[in-house]
Amino acid sequence: MTKNHPPTHFLKVIFIISILLFFYFPQTALLQTTSVEYICAGTDYETPVYIIKTDYKEPTIMVVAGTHGNEKAGIKAAEYLKDNLHIERGTLIIIPKANILACEENVRYFFPEINLNRVYPGNTQGNSVEKLAYEIFSLMKTYDISLLVDLHESIEFYRKNPKNYGQTVVIDSNDDYLFELSSSLVEEMNQEIFEDDNKYQVLVDPVKGSSTYCAYHQLGIPALTFETCRKLSLSFRIEEQIKFVKIIVSKWNMLAAQR
Ligand SMILES: [Zn+2]
């Protein structure tokens, strides 16, 4: 003898499952926590580092902006990302204003007039900029990062004057992995750039003393420098800088729906 459940019973079960799913998925989407620590604490170069963590430690991606204080798009993008990017896997470390004094004065370098991006891995006994480089370099090691992304801007398009790097992704070695990674990112970025002149290209240019050179050649960490051109509008450049990081985070399976 079988008992037929009325249709209302079946609907109730569906309703309860729906409610459970509704509560379960939003909770998992809110797993990330953001904490702040400071490098060069107690000095004029004290600057915040935002650590966005999830239950899954790996991968760890570090995004640095404001190495040069007048390259605003990267700084604005990093500030946007630390407040608005939601990840469900891995760890994201964001430094929006690496050289905070230069950022606040909107100048490339600040006193002492030393290029932060030429003094890596820095020096604990050196000048203030070398100490700053050392602290950022130490963070890369402490967090055992999987990738470094350094956000920059240039005053001119690389295609117009190869002394400038506007609209490029720069890598410090032409090893297969770095080249394929940067090429695929450039390809994806260029899909939505309809003006040929504004398209990105990969540039292999090992620059000793840069954060990415040091990350790659001293620590074996893949590292990319992203350069927008300041001849383009600021709002567009900010969007591009945000998009570049978002594509990477997505490629590294750190976003939702990767379970
Ligand atoms: Zn720069």
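How many bridges join strand 1 to strand 2, and in which direction do the two strands run relative to each other? In this predicted model, seven bridges link strand 1 with strand 2 (residues 47-53), and the pair runs antiparallel. Within this pairing, Val 36 stands opposite Tyr 50 of strand 2.

The protein chain as a whole contains seven helices and eight strands, and buried residues account for 39% of its 259 residues. When contacts between residues at least 6 apart in sequence are considered, 68% of them join residues that are at least 24 apart.

The sheet to which strands 1 and 2 belong is open, comprises eight strands in the order 1-2-4-3-5-8-6-7, and shows mixed pairing. Its edges are formed by strand 1 (33-39) and strand 7 (201-204), each of which has a single partner strand, so that one side of each is left without a neighbour in the sheet. From one strand to the next, the twist averages 20 degrees. Helix 7 (residues 234-251) packs on this sheet, where it touches strand 3 (60-64), strand 5 (147-154) and strand 8 (223-229), and the direction of helix 7 makes about 155 degrees with that of strand 8.

Helix 7 is also in contact with other helices, among them helix 2 and helix 5. The axes of helix 2 (residues 72-84) and helix 7 come within 8 Å and cross at roughly 55 degrees, an angle that makes helix 2 oblique to helix 7. On the side of helix 2, this contact is made by Lys 72, Ala 73, Gly 74, Lys 76, Ala 77, Tyr 80 and Leu 81, while helix 7 contributes Leu 234, Arg 237, Ile 238, Gln 241, Ile 242 and Val 245. The crossing of helix 2 past helix 7 is right-handed.

For helix 5 (residues 176-190) and helix 7, the packing angle is about 125 degrees and the axes lie 11 Å apart; these two helices are therefore oblique to each other. Helix 5 likewise passes helix 7 in a right-handed crossing. Here the contact involves Leu 185, Glu 188 and Met 189 of helix 5, together with Lys 243, Phe 244, Ile 247 and Ile 248 of helix 7.

The largest nonpolar core consists of 63 residues, and those with the most contacts inside this core are Val 63, Ala 65, Ala 77, Ala 133 and Val 169. The element that gives the most to the core is helix 4 (residues 128-142), with seven residues. Of the core residues named above, Ala 77 is also part of the contact that helix 2 makes with helix 7. Ala 133, for its part, touches Leu 116, Val 119, Tyr 120, Pro 121 and Gly 122, when residues up to four places away in sequence are not counted.

Beyond the edge strand 7, Pro 206 is placed in the loop between strand 7 and helix 6 (211-219). Pro 206 counts as partly exposed because it has 14 C-beta neighbours inside 10 Å, a value lying between the limit of 12 or fewer for exposed residues and that of 20 or more for buried ones. Once neighbours within four places in sequence are left aside, Pro 206 is in contact with Asp 172, Ser 173 and Tyr 213. Pro 206 and Tyr 216 are ten residues apart in sequence, and their C-alpha atoms are 9.9 Å apart in space.

Terms used
Residues are numbered from 1 along each chain as its sequence is written. This is a predicted model: local features need pLDDT of at least 70, side-chain atom pairs count only at pLDDT 80 or more; totals for chains, interfaces and linings use all residues. Helices (H or I, at least four residues) and strands (E, at least two) are DSSP runs, numbered from the N terminus. Two residues are in contact if their C-beta atoms, placed from the backbone, lie within 7 Å. A nonpolar core is a set of buried Ala, Val, Leu, Ile, Met, Phe, Trp, Tyr and Cys residues joined through C-beta atoms within 7 Å. Two strands pair if DSSP finds at least two bridges between them. Axes are lines fitted to C-alpha atoms, for helices over the stretch in contact, and angles run from 0 to 180 degrees between N-to-C directions. Angles under 35 degrees count as roughly parallel, over 145 as roughly antiparallel, 65 to 115 as roughly perpendicular and the rest as oblique. A crossing is left-handed if the near helix is turned anticlockwise from the far one by less than a right angle, and right-handed if clockwise.
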